[in-house]
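Here is a friendly walk through one protein model, from its overall build down to single side chains. Have a look at the fold before reading on.

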Amino acid sequence: MWGWAASLPLPAPFDRLSVWLYATVAKCNVQEAEHSDLGQYKTVSQFFTRRLRCGVRPVCPTSLVVSPADGTLTYSGPVEGQYLQQVKGVRYSLNTFLGVDLPSPPKDSMLALFQAVIYLSPSDYHRFHSPADWTITHRRHFPGRLCSVSPKVVRAFPGLFHINERVVFSGRWHHGFFAMVAVGATNVGSIVADFDPDLKRSEERRVGKECRSRW
C-alpha cells in the first residue's frame, strides 16, 4: 500500500506538498539532492530514489574499499567462523544470509574476511554503488518479509536479516571472496540494479538467477 501511495501522481499542488511533507517529516537534506526544487519530483517515490547533487559525495581515489551507501555504519569487523554480526553481540548465519557455500578461509595468514553493516534511515539517499573494483559472478534474490531494520529492532531480533527480502551479489576481487547484500525494510521492498534489469520483486517468487558483471 505504501509503495502504491508513494508512486501515485497527484494533481498540483498536492504533488509538491506530498514530497515537501515527506522531506520535512523525514528530515531529508534537500540541498544535497540533484534537484533542490521539490517541484521537480512528481511523487514521493521519485524523491525517495533521488540522485545526489554532483560533487557532494566525493569518492576517495586511493581507498580499495569505500562505502556503497549513504547511511550509518552500525557494525564493522572481522567475520567470526560461520557467523555475521547484525550489531555487536547479535549474530546470524553467514551461509543462510548469503545462500551460498561459506567462502574458503583466506590461505594467506595476512588476510581475513571482514564485514560492514550500513543502515539507511528514511532521510538518507537510497541508491547504492559498488564499494570496490570487483567481479560479480552470482546474484540471488530472496523473497521475504519487510521488517524494520532500525538499529533498535536489529538489536532485539537475532536473524532479522535472514527473513527480510534481500538481493545477494557475490563474486571476487583481487583479495578473494567479495559480496554485497541489499536488504529490504519496512516500506522499502523494491530493490533495483541498473546493470541487472531482470531483477524482479518478491511477488514473482523467483530465486537463484545467475548473472555476470564487472563493477
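Two strands are said to pair if DSSP finds at least two bridges between them. Strands here are DSSP runs of type E with at least two residues, helices are runs of type H or I with at least four residues, and both are numbered from the N terminus. With that in hand, tyrosine 83 can be placed: this residue stands opposite serine 93 in strand 3.

A word on the basis of the report. This is a predicted model, in which local features need pLDDT of at least 70 and side-chain atom pairs count only at pLDDT 80 or more, while totals for chains, interfaces and linings use all residues. Residues are numbered from 1 along each chain as its sequence is written, and side-chain values use heavy atoms, with hydrogens and water left out.

**Overall build**

The protein chain contains six helices and eight strands. Their order along the sequence is α-α-α-β-β-β-α-β-β-α-α-β-β-β. Among the 215 residues of the protein chain, 36% are buried, where buried means under 20% relative accessible area, exposed means over 50%, and partly exposed lies in between (1.4 Å probe, protein chains only). The protein chain has an accessible surface of about 13,000 Å², and carbon and sulfur atoms hold 56% of this surface; the areas come from the Shrake-Rupley method with a 1.4 Å probe, and for residues only the protein chains shown count as cover. A contact means heavy atoms within 4.5 Å. Of the contacts in the protein chain with a separation of 6 or more, 64% are between residues 24 or more positions apart.

**A hairpin and the cores**

Strand 2 (residues 83-87) and strand 3 (residues 90-93) run antiparallel and are joined by four bridges. Two residues sit between the strands of this hairpin, where glycine 89 adopts a positive phi near 95 degrees. Four of the five residues of strand 2 are buried.

Strand 2 also takes part in the largest nonpolar core. Such a core is a set of buried Ala, Val, Leu, Ile, Met, Phe, Trp, Tyr and Cys residues joined through side-chain atoms within 4.5 Å. This one has 18 residues, and Leu84, Phe97, Val149, Val154 and Phe161 touch the most other members. At least two residues each come from strand 2, strand 3, helix 4 (94-98), strand 4 (114-119) and helix 6 (160-163). Helix 4 gives the most, with three residues. Leaving out residues up to four places away in sequence, leucine 84 touches Val79, Val90, Arg91, Tyr92, Leu94, Phe97 and Gln115. Apart from this core lies another, of 13 residues, including Val19, Tyr22, Val30 and Tyr41.

**Inside strand 6**

Is serine 170 buried or exposed? Serine 170 is buried, with a relative accessible area of 5%, and belongs to strand 6 (residues 166-173). Beyond its neighbours within four places in sequence, serine 170 is in contact with Trp134, Thr135, Ile136, Thr137, His138, Phe177, Phe178 and Ala179.

**Backbone features**

Most residues other than glycine have a negative phi, and most peptide bonds are trans. Two places in this model are worth a look against that background. Alanine 12 and proline 13 are joined by a cis peptide bond, with omega about 5 degrees; proline 13 is in the loop between helix 1 (2-6) and helix 2 (14-26). Lysine 27, not a glycine, has a positive phi of about 60 degrees. This lysine 27 lies in the loop between helix 2 and helix 3 (44-48) and is exposed, at 71% relative accessibility.

**Salt bridges**

The whole structure holds four salt bridges, each being a side-chain nitrogen of Lys or Arg within 4 Å of a carboxyl oxygen of Asp or Glu. The table includes some of them.

| Pair | N to O distance |
|---|---|
| Arginine 57 and glutamate 32 | 2.9 Å |
| Aspartate 70 and arginine 57 | 3.0 Å |
| Arginine 139 and aspartate 196 | 2.7 Å |

Arginine 139 lies in strand 5 (residues 135-142) and aspartate 196 in the loop between strand 7 (176-183) and strand 8 (213-214), so this pair ties together parts that are 57 residues apart in sequence. Both arginine 139 and aspartate 196 are buried. Glu32, Arg57 and Asp70 form a network of salt bridges. In that network, arginine 57 is partly exposed, at 36% relative accessibility.
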